[in-house]
Amino acid sequence: MKILVVGGGGREHAIIRSLKKNPEVSEIWCAPGNGGISYDAKCKAIKATDVEAMVAFAKEEAFDYVVVAQDDPLALGMVDRLAEIGIPAFGPDAKAARIESSKVFSKNLMKKYNIPTAEYEVFDNAKEASLYIKERGKYPVVVKADGLALGKGVLICEDEASALLAVKEIMEDLKFGGAGAKVVIEEFLTGPEVSVLSFTDGKVVKPLISSMDHKRALDGDEGLNTGGMGTVAPNPYYTPEVAKECMDKIFLPTIRAMADEGCPFHGCLYFGLMLTPDGPKVIEYNCRFGDPETQVVLPLLESDLLTIMLATTNETLDSAEVILSDKSAACVILASGGYPLSYEKGKEISGLTNGQLADASAIVYHAGDTLSDGVLKTSGGRVIGVTAVAGDLKTALSKAYEAGDQISFEKMYRRSDIGARALKALN
């Protein structure tokens, strides 16, 4: 099979390396891809959001299957356009992708179908939103831009001043563009967070191993929110009892709700959960694999990824095996100094041979780099994810950090405490 993966980060690299394990895969392309990915796939410099150019390329190259891994092209209807020219794809159509691309849609869906989530109100007027914040007077409070905002449209506000500023920046200053035409203001939930990526064909749900993300830039969960500084799997707070409750009260009801609304979901549905004192509640849905969660959950998938993906597309997931490892995995992100704010690019990366570690002590997933004349250089905020698998989490973390020590570039930064909360929960 000839496959195209749409996107160009660590998530896409993890998907590609898993797809390559299938002997029926003859050729893999990635668009736009990146320098490190080019060791494992042919790359084509097409923006992931350029739906027409991507569809034209898919038709020209006669791909057998396309994996749309990024949220923006899904929301823009890339799967719909591919279907029109007869190319099957992994991922939801635009109507189903609204579960991520519109927080108003997802919150109203949960309210209508009694899926546990935080209490909330929706506003399309900044003055009304500000008045509600003042009258409610409870802090912290969460202010969310309705649309996609590169993972930065969710603001946790500790007091009235910061909440009012959030409304102004989102709705009046249009900090996130059209994504801020509406806002969701919701209660702040407390408890351990859990990410669960699940395969679904619109009828059946088969989850992957749970994981724990680390969004804050600095040690001790301090600093600004990022796209994720590291992940571990499984998440120790996600017990079998919690998993059953989530399946019964959240996962299956969500899939049934989407079908009832006339937008059945096919692909990978990401459940961002908070295990509150009142039980598990949904913080957010994503309409695709999470990043960097994918870099720890796919190495723990023992079944063939392509077979499962095709089953979600063909609505045969019920008969597909999703076998999960009983090991642990840890991913540590190597980032450019200054991320998630301003950072320098073009720093030469050393310590790798053909994009990987010579001793293969860990898997290197490339998120933000370029390759020119055989030299890898930084081109993004999150540059590399180093993932290690072991029989227990402590060992996996040690292996990931030791492997990361072999890689370097000027002003490289990483958190030193990835997995610390998980280890504490295990003790």
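This report describes the fold, the charged side chains and the unusual backbone sites of a predicted protein model.

## Overall shape and packing

The protein chain of this predicted model is built from 13 helices and 23 strands. For a chain of 427 residues, a compact globule would have a radius of gyration near 22 Å, and the value computed for the protein chain, 21 Å, agrees with that expectation. When the C-alpha atoms are placed along the principal axes, they fill a box of roughly 60 × 45 × 45 Å.

Of the 427 residues in the protein chain, 55% count as buried. Among the contacts with a separation of 6 or more, 68% are made by residues that stand 24 or more positions apart. The area exposed by the protein chain comes to about 17,600 Å², of which carbon and sulfur atoms supply 49%.

## Charges and salt bridges

The protein chain carries 46 positive and 60 negative side chains, and the centres of these two sets lie 1 Å apart. The count of salt bridges comes to 26. Three pairs are described here individually, followed by one network.

The side chains of Glu27 and Lys42 form a salt bridge with an N to O distance of 3.3 Å. This pair links distant parts of the chain, since Glu27 belongs to strand β2 (residues 27-32) and Lys42 to strand β3 (residues 42-43), 15 residues apart. Glu27 is partly exposed at a relative accessible area of 23%, and Lys42 is also partly exposed, with a value of 44%. 

A salt bridge also joins the side chains of Glu52 and Arg81, here with an N to O distance of 2.8 Å. Because Glu52 lies in helix α2 (residues 51-61) and Arg81 in helix α4 (residues 78-84), the pair ties together parts that are 29 residues apart in sequence. Glu52 is partly exposed, with a relative accessible area of 47%, and Arg81 counts as partly exposed at 23% relative accessibility.

## A buried pair and a charged network

Are the partners Glu100 and Arg288 buried or exposed? Both residues are buried, and their side chains meet in a salt bridge with an N to O distance of 2.7 Å. The link reaches across 188 residues of the chain, from Glu100 in helix α5 (residues 94-101) to Arg288 in the loop between β17 (279-286) and α10 (294-297).

Elsewhere in the list of charged residues, Asp221, Arg415, Asp417 and Arg421 are joined into one network by salt bridges that share partners.

## Cis peptide bonds

Most residues other than glycine have a negative phi, and most peptide bonds are trans. Against that background, the bond between Ala31 and Pro32 is a cis peptide bond, with omega at about 5°. Pro32 lies in strand β2, the strand that also holds Glu27 of the salt bridge to Lys42.

A cis peptide bond also joins Ala233 and Pro234, where omega is about 0°. Pro234 is placed in the loop between β15 (230-233) and α9 (240-260).

## Positive phi and an exposed loop residue

Where in the chain does Asn114 lie? Asn114 is located in the loop between α6 (103-112) and β6 (120-123), and although this residue is not a glycine, its phi is positive at about 55°. Asn114 is exposed, with a relative accessible area of 67%.

Asp373, likewise a residue other than glycine, has a positive phi near 55°. Its place is in the loop between β20 (369-372) and β21 (375-378), and Asp373 is exposed, with a relative accessible area of 80%.

Leu341 is found in the loop between β18 (328-336) and β19 (363-366). This leucine counts as exposed, at 58% relative accessibility, because exposed means over 50%. The C-alpha atoms of Leu341 and Thr226 are separated by 9.3 Å, and these two residues stand 115 residues apart along the chain.

Definitions and conventions: Residues are numbered from 1 along each chain as its sequence is written. This is a predicted model: local features need pLDDT of at least 70, side-chain atom pairs count only at pLDDT 80 or more; totals for chains, interfaces and linings use all residues. Side-chain values use heavy atoms; hydrogens and water are left out. Helices (H or I, at least four residues) and strands (E, at least two) are DSSP runs, numbered from the N terminus. The radius of gyration is taken over C-alpha atoms; the globule rule is 2.2 Å times the number of residues to the power 0.38. Buried means under 20% relative accessible area, exposed over 50%, partly exposed in between (1.4 Å probe, protein chains only). Contact means heavy atoms within 4.5 Å. Accessible areas come from the Shrake-Rupley method with a 1.4 Å probe; for residues, only the protein chains shown count as cover. Lys and Arg count as positive and Asp and Glu as negative; His and the chain ends are not counted. The place of a charge is taken as NZ of Lys, CZ of Arg, CG of Asp or CD of Glu. A salt bridge is a side-chain nitrogen of Lys or Arg within 4 Å of a carboxyl oxygen of Asp or Glu.
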